[in-house]
Amino acid sequence: MSASPTLAIAPTASAGLDLARIRAEFPILRQRVHGKPLVYLDNAASAQRPKAVIDAISECYSTYYANIHRGVHLLSERSTAAYEGAREKVRAFLNAASVQEIIFTRNTTESINLVASSFGGSTVKTGDEIVITGMEHHSNIVPWQLLCERTGARLKVAPFTDAGELILDEYERLLDSGRVKLAAFVHLSNALGTLNPVQRMIELAHARGIPTLVDGAQSIPHVAVDVRALDCEFYAFSSHKIYGPSGVGVLYGKQALLEAMPPYQGGGDMIRLVTFEKTEYADLPNKFEAGTPNIAGVIGLGAALDWVNAIGLDAVAAHEHELLDYATAQLQEIPGLKIMGTARDKAALAAFTIQGIHPHDIGTILDREGVAIRAGHHCAQPVMQRYGVPATARASFAVYNTRDEVDALVKALWKVKELFE
Ligand code: C6P
């Protein structure tokens with residue numbers, strides 16, 4: 001496939017990646033917005049999909065779609081094979097021990113709510129504690145608050161430095177109360193870009209017999225994840241952040257824990273036998289997948305993982321790192337611009353404020369220049385409160401972004417400055 005003639009952002013090679021070829025696989029990138037070539041830098045909110053993913057979904061609906069695990073007819077068998085094939089792809093991507101440890105949900109949010117409701121609901125009692133960090137997305141705060149309200153447990157929050165780095169000693173101190181039932185923390189912060197030392201955080205929790213949940217919503221497209229090496233109890237992510245369709249999420253859970261946990265929702269496909277007196281539940285993973293799932297979406301996620309594997313996550317990460325360094329250096333040249341989140345270990349996004357200019361104004365003016373970023377609290381209001389700002393502007397990178405697009409971002413920001421002077 002050739003690049004569209006409207007593609008005015010000249011792609012270059014980076015980290016051994018052929019960016020022209022990669023960009024050509026994303027039909028949506030070939031457009032102009034407000035008369036300017038689209039520069040899509042809102043990937044942390046949701047990435048775009050390559051043709052391989054769009055085609056996999058289209059092929060499913062065009063040729064073999066039917067409900068899964070139910071029919072004896074050919075289409076149902078094909079759909080079931082494709083759906084379960086995608087589960088195996090997720091297992092391999094995470095290096096989980098078994099497909100029984102891979103639960104399909106709607107998104108990261110639902111994966112965390114599943115654990116809060118099922119694991120939390122069955123193990124957490126009055127006086128117990130859940131430890132999180134101060135840099136969590138609302139999805140890794142509110143489910144635990146709901147659990148605490150229901151059970152009388154308490155939420156404990158590990159603080160972070162001005163640079164956006166977790167204060168590991170404080171985290172460790174919180175684990176020492178003898179009452180902690182779970183430590184749940186973000187792998188890559190969507191508001192700061194901080195990559196947390198999750199391996200160490202898991203070890204510290206395990207040293208005290210505390211299970212862990214990692215919110216992998218942002219890390220999944222940028223960092224190779226090996227759940228067996230990490231040894232976390234749960235890992236949650238969303239398909240739409242890794243070039244897959246929206247409406248699909250994944251919960252990885254250690255088999256023994258998932259087996260001991262009660263179902264999250266009841267309904268079709270999660271049962272072995274139903275009578276009015278008693279219901280026997282299905283084995284994993286079906287026990288946690290009540291009702292008809294997003295069949296084509298899951299198959300699309302499988303195609304997205306194939307696509308990422310073909311490029312190689314290491315090359316993706318190297319390229320994005322280069323872009324982040326390049327962007328950071330240029331952003332720092334803009335007077336009054338302050339980057340929020342300057343951790344030593346950082347990935348894929350730059351959040352910032354410009355003195356005297358509201359982030360929403362920045363976002364709106366950038367949009368007129370064709371540059372799509374996110375402005376707001378990024379569903380991480382406690383992070384905004386920590387820095388005393390209502391919102392930030394955030395540029396976030398994906399494999400298809402180029403240095404020329406960073407230049408377009410920076411040029412548009414200089415224009416914002418001019419307009420407000
Ligand atoms: N962050 C962002 O623009 P869902 O919506 O369930 O797919 O993902 C929730 C979520 C959980 N944890 C982290 C760290 C996240 O970044 C997100 C989603 C998007 O930053 C949308 S708010």
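This tour goes through the boundary between two domains of a predicted protein model.

Residues are numbered from 1 along each chain as its sequence is written, and side-chain values use heavy atoms, with hydrogens and water left out. Because the model is predicted, local features need pLDDT of at least 70 and side-chain atom pairs count only at pLDDT 80 or more, while totals for chains, interfaces and linings use all residues.

Select 19–46 together with 312–420 for domain 1, then 53–310 for domain 2; these bounds come from an automatic or database domain assignment. The C-alpha centres of the two domains lie 28 Å apart.

Next, select the residues in contact (heavy atoms within 4.5 Å): 38 in domain 1 and 35 in domain 2. Together the domains bury about 2800 Å², 54% of it on carbon and sulfur atoms; buried area is the accessible area (1.4 Å probe) that two parts lose on being put together, summed over both. On the domain 1 side, pick L313, C379 and R386, which lose the most area to domain 2, together 20% of what that side buries.

Keep R386 selected and add D162: the pair forms a salt bridge, with the closest N and O atoms 2.8 Å apart. The rule (a side-chain nitrogen of Lys or Arg within 4 Å of a carboxyl oxygen of Asp or Glu) finds 2 salt bridges across this interface.

Now show α11 (313–331), β16 (349–354) and α13 (381–387), the elements that give two or more residues to the domain 1 side. Helices (H or I, at least four residues) and strands (E, at least two) are DSSP runs, numbered from the N terminus. End on α13, which gives the most to that side, with 6 residues.
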